[in-house]
Amino acid sequence: MADTLTIDEVERPRRARIIPGILASLALSAPFYLLIIIYLAAYFVLGKMTGADFVLHPLDTFRGIATLILPLTLFAVAVLRIYHIAVVVRPAHPLPAFLCDFTAFVSSPKRLINALPMLLVVTLFMQCFSSIKDIIPLVRPFSWDTTFAALDRTLHFGADPWRILQPVFGHWWASLGLNFVYNLWFFIIWFALIAMIFSEKADRLRMRFLLSFFLCWSIGGSFLAIVFSSAGPVYFERLGFGADYAPLMAYLRNADSISHLWALDIQEMLWTAYIDGTSSVASGITAMPSMHVTSAVLIALLCREMSRPARIAGYLFAASIMIGSVHLGWHYAVDGYAGAALAVFFWWLSGRFADWHLSRPFARKAQADLDALKWRESDVAPESAAAE
């Protein structure tokens, strides 16, 4: 009986690995936290310069996590694990396998140590990004629309890009399909983001995607959006720039009368918020660069690292978003070209940085400490537990 160990004596060494695991995860993810610190500093400087009430209230952050981030995260994890069970594992009893797999996935200490700080970063980033997006017209009024419209025609041999697309996509059912994919964009991006955030491995692909994501949204979605302040074709006439895109909007309204296009509702909602000076997570008008296209190209680049079907799906998704951004009046074609170029550039830059960062001795040691972290035996291979 003297050799018998209590549960606490068995678990204490395992719990002792948690602190080194947290420190290891923080060391590996240090570039993300440095980036968000720089972004937060720019956020407060911009608030001081413009007189905007930029204050991060802890209660608002908690509310954002509880009402938006957490539900969306659990939904994304559930969908990803359902796909894993249905396509990869294919057990005889799917529901018990899913419940086992889901429980093991969300309780894995390595996943939680990697994911929870990053989710807090994402929440803070979303708060800051939304606030900056709302005040862009105050910092720099929309002034580039006519330039981008002219550049579109120059690059496309004197024709508006939306007119070039009309023979193929100028049908209500094509517009509806593009609108569906365009709205699906948010869920695709969120699922990819959650998959990378919850990855047990703090590897090159995870770092490359997340770093590219934050760079694109901070530099492209905030800094360049301010420099090249523009509203997009949908608001061209309302802003007094002319009726160049009136035929496009007339077509979209006609298509909407046949089968409802959600894009028109969202466009009207954004315009109302702009006129009224109200703000929310979904408010704010910017066109250059197109963050829809930027993010979709990032997804395509991520899919390139996977299977051939995933690569094809990624390319089709990016192409659909690019076409939809022009056809639905959201963007000038040059907005999408710029967004795609940003995604490719930051993907390349982040890959080079990830190679350098993860090759450092401290990073290799941190990765080893993280890999050694186990809370219980089932943490070794939750997929195998689900297969049983």
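The legends below describe close-up views of a predicted model of one protein chain.

**Figure 1. The chain as a whole is built with helices and without strands.** The predicted model contains 17 helices and 0 strands. Of the 388 residues in the chain, 47% are buried. Among contacts with a separation of 6 or more, 83% are made by residues 24 or more positions apart. The chain exposes about 18,900 Å², and carbon and sulfur atoms supply 70% of that area.

**Figure 2. Helix α3 covers residues 30–50.** This helix has 21 residues, and its first and last C-alpha atoms are 30 Å apart. That distance is close to the 30 Å expected at 1.5 Å a residue. The buried residues in α3 include the aromatic residues Phe32, Tyr33, Tyr39 and Tyr43. Leu35, Ile36, Leu40 and Leu46 are also buried in α3, as are Pro31 and Gly47. Gly51 follows α3 and has a positive phi, near 75 degrees.

**Figure 3. Helix α5 has a buried side and a face turned away from that side.** The helix spans residues 94–107. Its 14 residues should span 20 Å at 1.5 Å a residue, and the end C-alpha atoms are indeed 20 Å apart. Which residues of α5 are buried? They are Ala97, Phe98, Asp101, Ala104 and Phe105. These residues lie on the same side of α5, because they cover an arc of only 140 degrees around the axis. An α-helix has 3.6 residues a turn, so residues three or four places apart point the same way. Leu95 and Pro96 are exposed residues on the face of α5 turned away from the buried side.

**Figure 4. Arg81 and Asp101 meet in a salt bridge.** Arg81 lies in helix α4, which comprises residues 58–89. The side chains of Arg81 and Asp101 approach to 2.7 Å, N to O, in this salt bridge. The pair links distant parts of the chain, with Arg81 in helix α4 and Asp101 in helix α5, 20 residues apart. The two side chains also make a polar contact, at 2.7 Å. Is Arg81 buried or exposed? Arg81 has a relative accessible area of 10%, which is under the 20% limit, and therefore counts as buried. Both partners of the salt bridge, Arg81 and Asp101, are buried.

**Figure 5. Asp355 and Arg204 form a salt bridge between two helices.** The closest N and O atoms of Asp355 and Arg204 are 2.4 Å apart. Asp355 lies in helix α15 (residues 333–358) and Arg204 in helix α10 (residues 204–227), so the pair ties together parts that are 151 residues apart in sequence. Asp355 is partly exposed, with a relative accessible area of 37%. Arg204 is partly exposed as well, at 32%.

**Figure 6. Arg153, Asp160, Arg163 and Asp244 belong to one network of salt bridges.** The four residues are joined through salt bridges that share partners. Within this view, the side chains of Asp160 and Arg153 meet in a salt bridge of 2.9 Å, N to O. Asp160 counts as buried, at 7% relative accessibility, whereas Arg153 counts as partly exposed, at 22%. In the chain, the count of salt bridges comes to 6.

**Figure 7. Arg90 and Phe157 each have a positive phi.** Most residues other than glycine have a negative phi, and most peptide bonds are trans. Arg90 is not a glycine, yet its phi is positive, about 55 degrees. This residue lies in the loop between α4 and α5. At 64% relative accessibility, Arg90 counts as exposed. Phe157, also not a glycine, has a positive phi of about 60 degrees. Its place is in the loop between α7 (145–155) and α8 (161–169). Phe157 is exposed, with a relative accessible area of 82%.

**Figure 8. The peptide bond from Met288 to Pro289 is cis.** Omega for this bond is near -10 degrees. Where does Pro289 lie? Pro289 is in the loop between α12 (262–276) and α13 (291–303).

Terms used:
Residues are numbered from 1 along each chain as its sequence is written. This is a predicted model: local features need pLDDT of at least 70, side-chain atom pairs count only at pLDDT 80 or more; totals for chains, interfaces and linings use all residues. Side-chain values use heavy atoms; hydrogens and water are left out. Helices (H or I, at least four residues) and strands (E, at least two) are DSSP runs, numbered from the N terminus. The expected span of a helix is 1.5 Å times one less than its number of residues. Buried means under 20% relative accessible area, exposed over 50%, partly exposed in between (1.4 Å probe, protein chains only). The arc is that of the directions from the helix axis to the C-beta atoms. Contact means heavy atoms within 4.5 Å. Accessible areas come from the Shrake-Rupley method with a 1.4 Å probe; for residues, only the protein chains shown count as cover. A polar contact is a pair of N or O atoms within 3.5 Å; within protein, one must be able to donate a hydrogen and the other to accept it, and residues adjacent in sequence count only if both atoms are side-chain atoms.
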